[in-house]
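Got your viewer open? Load the model, switch to cartoon view, and follow along stop by stop.

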Amino acid sequence: MIKHIVTGTLLTATLTLSAAPTASAAPPHGWELSTMSVPAAHAISQGEGVTVAVIDTGIRTDHPVLKGRATEGPDFLKANDKSQPWYGEHGTAMASSVLDVAPQAKILGLRVIRDEDDPNYQGGRLSNPDAVSQAITYATDHGADVISMSIGSRTLFDSYEVKDLKAIDYALSKGVTLLGAVGNLGDKQAGHDNGISYPSAYPGLITVAASTQDGSRASFSSVHSYIDIAAPGVAINQADSRSSGRTSGEGTSAACALAAGVSALIVSKYPDLTPRQVEAVLERTASHAARGYSAETGYGVINAEAALQAAAKLTPEKKVVVGETGTDLHFGPGDDGTPKTYSQGVDSFKVGVSAVGALITLILMIGGFWLFKSGRRVQAQGSWGVEPLGPAACAQSLQPSALPQQNPYQQPAPPQQNPYQQPTPPPGQWPPRQ
């Protein structure tokens with residue numbers, strides 16, 4: 001399933017990719033939980049007292065996986081279609097992944113985007129362009145401790161929405177940890193352009209990539225220097241909103257939801273830690289943190305148990321708003337260790353616009369050169385297109401056929417004399433006699 005937020009004139013971005021829903025008899029806990037050491041982490045925390053806001057397509061609160069553990073807030077699309085079979089398909093799957101990791105947490109579902117099966121989907125356009133910022137603010141004001149956003153957008157001429165950025169800053173200032181899926185545009189063989197997508201690229205979010213069972217990047221997962229960590233993103237066992245069972249899905253969406261669950265475990269056990277500190281322990285205890293950063297998977301796959309153990313050693317710090325003096329480019333005060341030399345990908349749409357502009361400029365230059373040369377030719381021919389006189393032209397003008405014909409019986413006209421002209425004196429006489 002492909003989901004995408006659009007504000008204004010937008011172009012489709014494949015951000016939340018899942019496999020086609022098929023009934024599955026797989027157990028509720030798949031490979032993803034053991035890979036992240038979640039069973040061991042449950043001995044320390046299960047997410048008690050934490051609310052995770054799932055900003056997505058809405059949720060099915062009556063699904064067996066969510067029932068009794070989830071509530072739904074306002075529909076920021078202002079629609080009335082909860083009874084439709086496609087409602088909440090993606091959001092329900094994401095909420096189930098959060099609860100698989102943090103079974104004692106509560107889910108707050110907030111709808112900002114339509115499911116792809118929705119007949120009004122229309123490429124993801126929002127009836128309310130402020131839906132995301134409104135949902136973040138609502139979640140913050142209604143008790144959310146963690147916000148999970150497995151959604152994404154990309155515009156042709158805009159890179160971000162100021163209202164969204166301000167809402168994120170507001171949530172961070174209240175101590176809310178926010179996570180975003182990096183996107184599913186990383187497979188070059190499939191023609192993907194690795195485009196930058198929001199909200200995952202906003203400063204302040206923990207950006208999550210998708211990994212495979214061996215810890216490497218999933219082929220579809222986008223590659224960017226603002227990725228923080230990775231989480232399992234293939235063959236994820238998640239709730240199927242069209243049934244009472246589960247289905248297998250994939251995508252950076254699922255990875256983001258699983259990472260949000262781990263964040264809930266940390267916040268539950270250590271509620272005074274700031275969002276930046278939650279990010280720090282996730283990074284420092286990830287699978288390849290010791291050998292360094294990668295633009296493909298950040299610091300590696302999350303280790304929930306190790307993150308909780310590291311969090312126990314931290315002293316809570318003051319909450320900060322991104323953008324204050326002393327904050328870095330991505331998260332909190334100081335340098336978060338993210339190298340600045342990694343490519344952030346190529347946005348094919350902007351490249352296309354630039355190419356069209358370059359082509360138009362080239363055509364204008366060629367046209368101008370042609371006009372200039374044409375002007376030189378006209379100038380060489382004279383004002384009326386007549387060739388100038390030259391040696392060849394003079395020779396032609398002296399031909400007999402070109403000379404005027406004279407009447408043989410006509411006497412030549414006497415030369416006209418200037419009455420004011422003095423007669424020429426005889427040779428040797430000067431001045432002339434009067």
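Which residue in S6 does Gly180 stand opposite? Select Gly180 and look across: the partner is Thr207. Keep in mind as you click around that this is a predicted model.

**Stop 1: the sheet**

Now widen the selection to the strands. S5 and S6 run parallel and are joined by 3 bridges. They belong to an open sheet of 7 strands, paired in parallel, with the order S2-S3-S1-S4-S5-S6-S7. Color strand S2 (70–75) and S7 to mark the edges, since each of these pairs on one side only. On average, neighbouring strands here are turned by 25 degrees against each other, ignoring direction.

**Stop 2: helix H7**

Select residues 275–284 to get helix H7. This helix lies across S5, S6 and S7, and runs at about 30 degrees to S6. Is H7 mostly covered or mostly uncovered? It is mostly covered, with 9 of its 10 residues buried. The buried ones run from Pro275 and Arg276 through Gln277, Val278, Glu279, Ala280, Val281 and Leu282 to Glu283. Show the surroundings to see what does the covering: it includes helices H5 (162–173), H6 (252–269) and H8 (304–311), along with strands S5 (177–181), S6 (206–211) and S7 (229–232).

**Stop 3: the loop before H7**

Step back to Asp272, in the loop between H6 and H7. Asp272 counts as exposed because its relative accessibility is 54%, and the cut-off for exposed is over 50%. Leaving out residues up to four places away in sequence, Asp272 touches Gln277 and Pro316. Try a distance label to Lys318 as well: the C-alpha atoms are 9.4 Å apart, with the two positions 46 residues apart in sequence.

**Stop 4: salt bridges**

The model has 12 salt bridges. Start with Glu72 and Lys82, whose side chains meet at 3.5 Å, N to O. Glu72 sits in strand S2 and Lys82 in the loop between S2 and helix H3 (89–101), so the pair ties together parts 10 residues apart in sequence. Glu72 is partly exposed at 24%, and Lys82 is partly exposed at 42%.

Next, select Asp81, which bridges to Arg111 at 2.8 Å, N to O. That pair links the loop between S2 and H3 with strand S3 (residues 106–111), 30 residues apart. Asp81 counts as buried at 8% relative accessibility, and Arg111 counts as buried at 2%.

Asp81 also meets Arg114 in a salt bridge, at 3.2 Å, N to O. To finish, select Asp75, Asp81, Arg111, Arg114 and Asp118 together: salt bridges with shared partners join them into one network.

Terms used
Residues numbered from 1 in each chain as written. Predicted model: local features only at pLDDT ≥ 70, side-chain atom pairs only at ≥ 80, totals over all residues. Heavy atoms only, no water. Buried < 20%, exposed > 50% of the residue type's maximum accessible area, 1.4 Å probe, protein only. Helix = DSSP H or I, 4+ residues; strand = E, 2+ residues; numbered from the N terminus. Contact = heavy atoms within 4.5 Å. Pairing = 2+ DSSP bridges. Axes fitted to C-alpha atoms, helices over the stretch in contact; angles between N-to-C directions. Salt bridge = Lys/Arg side-chain N within 4 Å of Asp/Glu carboxyl O.
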